[in-house]
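Colleague: I want to learn how to read the contact between two chains. Can you walk me through one?

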2 protein chains.
Amino acid sequence: MRILLATNNAHKRDELRSIFPDHDILTPAEMGIAFDVEETGETFLANAILKAEALRVHLAEARAEGKHAEVAIIADDSGLCVDALGGAPGIYSARFGSPDGGKTELAASARNQLLIAALEAAKTRTAHFVCSMVALLENDRIIVAQESWMGEISEAPSAGTGGFGYDPVFFVPGLGKTAADLSPEEKNRFSHRGRASRVLAAALDEAASLPR
Amino acid sequence: MRILLATNNAHKRDELRSIFPDHDILTPAEMGIAFDVEETGETFLANAILKAEALRVHLAEARAEGKHAEVAIIADDSGLCVDALGGAPGIYSARFGSPDGGKTELAASARNQLLIAALEAAKTRTAHFVCSMVALLENDRIIVAQESWMGEISEAPSAGTGGFGYDPVFFVPGLGKTAADLSPEEKNRFSHRGRASRVLAAALDEAASLPR
């Protein structure tokens, strides 16, 4: 299958290539398509759909260009939900602590310090990452896999250098480590994004096997 | 898994029981829960999510009542999209031709006659059914399978008595029959709803197999 990703992030592209090795995965930039979407949705799912829908007009050309019988657009939206903060920062995870409503994003290390400070008096430190992953197929077909990863906000950032974003302060009790302490393979096995990818892949396989 | 359906339609319940034989499937009425949702969404998916979200508060009690480790709410929204009508009636399929904006629904036979009349001068009769099926799981997990069934609007209703709604005027070229001419098993094999159920089932199985 030809898959057109609704992101120009090469890290996400390579991660999906490892999860869907049999598919032909390209970013908009690699297809010569401009891609810039305002994330105005109120949920992870709504934002993932906004990103995917922005590329819908390119479904037909992606099929023609790739000479594939099937073609899909895949988009995702992710974030961290902290229970003591009522689920915040949630869909605003990237702009948490931004001095200007999101135009300028804080560095991840500054966001992590801010989050730890916000939880200083909190009675619970439980949190979960969420990843909403959407595949748009031709003929109005859609698949969504939204998965979560349960953990706790640590009292100090880990020294681990894996992952990115909130990973150094996301402690996973079952593993006894933060997300930043995991190898990429370990992280993919447990993470919200790895899980969502695998559920989506299983659904895509089933969809491809159905009689048309 | 305990599955709480976002419908009191016994026909839909029985259909899902045949597709998910290993699960314990109940309607809101069977759990003593009132269920009435206004379908104000602008897409099949939005309406399916509205129905499922209306039951979200009952996830925890469904688990307690069923003594199941896992519990899901499943909702669906379906309709017929006719190309010559710009995709109508779509999400308004049940209220097509209603004299009062949907408060009173026409009988299916009257709607079918109206649809045939609307296509009298149409250059193309292609159409597709869409079914958007949503599963809400605990911890913000969501699975969606939206599938379609491609066909044409026939020039007269078939005499077949299978199915319901638009089935007598939905002709499937590959089968040489309308949806109303199919046995329930044949219809489940090809229909938008049967397909969406199977894709959802595959995704649910994968989700259940992931490490938590």
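Modeller: We will take the interface step by step. Keep in mind that this is a predicted model.

Colleague: Where do I start? How many residues does each chain bring to the contact?

Modeller: Chain A contributes 28 residues, and chain B contributes 27 residues.

Colleague: And how is the size given?

Modeller: The size of an interface is often stated as the accessible area lost when the parts come together. Here chain A and chain B bury about 2,500 Å² between them. Carbon and sulfur atoms account for 56% of that.

Colleague: Next, polar features. How many salt bridges cross the interface of chain B and chain A?

Modeller: The rule finds two. One salt bridge is between B:Arg141 and A:Glu147, with the closest N and O atoms 3.2 Å apart. Between chain B and chain A, 13 residue pairs are in polar contact, both residues at pLDDT 80 or more.

Colleague: Which elements give two or more residues to the side of chain B that touches chain A?

Modeller: Helices H2 (44-53), H5 (184-190) and H6 (192-209) of chain B, together with its strands E5 (126-137) and E6 (141-153). E6(B) supplies the largest share, nine residues. By class, that side of chain B has 15 nonpolar, eight charged and four polar residues.

Colleague: What does E6(B) pair with across the interface?

Modeller: Strand E6 (residues 141-153) of chain A. Five bridges join the two strands, and they run antiparallel. To see the register, find A:Ile142, which stands opposite B:Gln146 in E6(B).

Notes:
Residues are numbered from 1 along each chain as its sequence is written. Chains are lettered from A and ligands numbered from 1 in the order in which they are written. This is a predicted model: local features need pLDDT of at least 70, side-chain atom pairs count only at pLDDT 80 or more; totals for chains, interfaces and linings use all residues. Side-chain values use heavy atoms; hydrogens and water are left out. Contact means heavy atoms within 4.5 Å. Buried area is the accessible area (1.4 Å probe) that two parts lose on being put together, summed over both. A salt bridge is a side-chain nitrogen of Lys or Arg within 4 Å of a carboxyl oxygen of Asp or Glu. A polar contact is a pair of N or O atoms within 3.5 Å; within protein, one must be able to donate a hydrogen and the other to accept it, and residues adjacent in sequence count only if both atoms are side-chain atoms. Helices (H or I, at least four residues) and strands (E, at least two) are DSSP runs, numbered from the N terminus. Ala, Val, Leu, Ile, Met, Phe, Trp, Tyr, Cys and Pro count as nonpolar, Asp, Glu, Lys and Arg as charged, and the others, Gly among them, as polar. Two strands pair if DSSP finds at least two bridges between them.
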